[in-house]
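Work through the exercises below with the sequence and the model side by side. Try each task before reading its solution.

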Amino acid sequence: MTQPFIHTENLCFSYKDSEGAGEHPALKGISVDINAGEYVAVLGHNGSGKSTFAKLLNLILEPSSGVLCINGMNLTEGEIDDEQLMELRRNVGMVFQNPDNQLVATVVEEDVAFGPENLGVPQEELRRRVDDALDVVGMREYAKHEPHRLSGGQKQRVAIAGMIAMMPKCIIFDESTAMLDPGGRREVLDTIRMLNREHGITVLNITHYMNEAAEADRVLVINDGLLLTQGTPNEVFSDRALLLSAGLEVPQCSEVVLELREGGIAIEGEDIASLQGCADMIARAYATR
Ligand SMILES: Nc1ncnc2c1ncn2[C@@H]1O[C@H](COP(=O)(O)OP(=O)(O)OP(=O)(O)O)[C@@H](O)[C@H]1O
Ligand SMILES: [Mg+2]
């Protein structure tokens, strides 16, 4: 049996206050397996622990207790040396919310080259990786442009290209679409889906947008530092009461189907997460009336 790409057992993390005295538990025991090639969405209200979880997976933060294995490496057993840390960072990339904080160079292609250059990739290969990465996100024609003149969505795609150029196995997106307009969000979401489907990159997409989560293979709901539930988008969005208890709402299309059912209209089917699925179920219900 192949082992999961990410494996956690009872993973905990507490922030220390500035005097190093008190502790603020942010993750209280997360056990989850994520397989290579999966597209997983992570939902949870503000302060539930999503970013903390993401930072542990990249060892930006070190777990307080529990087990964390990534790509066969146990990161909670003994000391982590620099080589292991480098390998982890090569394998697991992170894209954050604010594109402006992630772009470091004054020219797009230099920005994309920054990560792999730091990893010691030789010049010739570096050139190829930068070109390929810009191709993947559809930004090759902007290679010589200044990042600060790009739109929010374009900046995020450059940040993603910088990750791709390091050839990671997994990319974690921490609300990477939150600051974008609808067009920019769509660009980035299409890029995320393509990286997963066509390049086999394992994706964790932390988001507040329910319709984004509906695009994933699996949804994790984190509440108050614990994994409240997980399942396919259809499974998770059918349990409105549970989502409400975590301060979340179901997508609007799911809400319509659930309301109609509660109103006594028999709508058959399980495809509740996507707009198209909901529309088809409603259409079938009315066609057979
Ligand atoms: N640097 C820090 N020091 C102390 N406490 C922190 C720190 N960062 C986060 N926390 C606390 O840890 C908990 C989890 O925060 P985290 O940022 O992981 O939540 P989140 O789910 O990503 O929230 P959001 O949706 O707002 O991004 C919160 O109670 C938060 O206040
Ligand atoms: Mg966060």
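Strands here are DSSP runs of E, at least two residues long, numbered from the N terminus. The model is predicted.

**Exercise 1. Place P25.**
Find the strand that holds P25, then list the residues that P25 touches, leaving out those up to four places away in sequence.

*Solution.*
Step 1. Look up the strand: P25 lies in β2, which spans residues 23-34.
Step 2. Apply the contact cut-off, heavy atoms within 4.5 Å. With residues up to four places away in sequence left out, P25 touches F13 and S14.
Step 3. Go to A159, 134 residues from P25 along the chain. The C-alpha atoms of P25 and A159 are 31 Å apart.

**Exercise 2. Describe how α3 and α5 pack.**
Give the axis distance, the crossing angle and the handedness, then name the contact residues.

*Solution.*
Step 1. Choose the descriptors: two packed helices are described by the angle between their axes and the distance between the axes.
Step 2. Take the helices α3 (residues 108-118) and α5 (residues 152-164): their axes come within 7 Å and cross at roughly 35 degrees.
Step 3. Assign the hand: the crossing of α3 and α5 is right-handed.
Step 4. List the contact: α3 supplies V108, D111, V112 and P116, while α5 supplies V158, A161 and G162.
Step 5. Sort by class: five residues are nonpolar, one is polar and one is charged.

**Exercise 3. Map the surroundings of ligand 1.**
Which residues surround ligand 1, and which residues have polar atoms 3.2 Å, 2.8 Å and 2.5 Å from its oxygen atoms?

*Solution.*
Step 1. Collect the shell: Y15, A26, H45, N46, G47, S48, G49, K50, S51, T52, E175 and H208.
Step 2. Classify the shell: two nonpolar, eight polar and two charged residues.
Step 3. Ask which element gives the largest share: helix α1 (residues 50-57), with three residues.
Step 4. Check the polar pairs. A polar backbone atom of S48 is 3.2 Å from a ligand 1 oxygen. For the side chain of S51, an N or O atom is 2.8 Å from a ligand 1 oxygen. For the side chain of T52, the distance is 2.5 Å.
Step 5. Finish with cover: alone, ligand 1 has 640 Å² of accessible area, and the protein covers 58% of that.

Key: Residues numbered from 1 in each chain as written. Chains lettered and ligands numbered in written order. Predicted model: local features only at pLDDT ≥ 70, side-chain atom pairs only at ≥ 80, totals over all residues. Heavy atoms only, no water. Axes fitted to C-alpha atoms, helices over the stretch in contact; angles between N-to-C directions. Helix = DSSP H or I, 4+ residues; strand = E, 2+ residues; numbered from the N terminus. Left-handed = near helix turned anticlockwise from the far one by under 90°. Nonpolar A, V, L, I, M, F, W, Y, C, P; charged D, E, K, R; others polar. Near = heavy atom within 4 Å. Polar contact = N/O pair within 3.5 Å; in protein donor to acceptor, adjacent residues only side chain to side chain. Areas by Shrake-Rupley, 256 points an atom, 1.4 Å probe, with all protein chains shown as cover.
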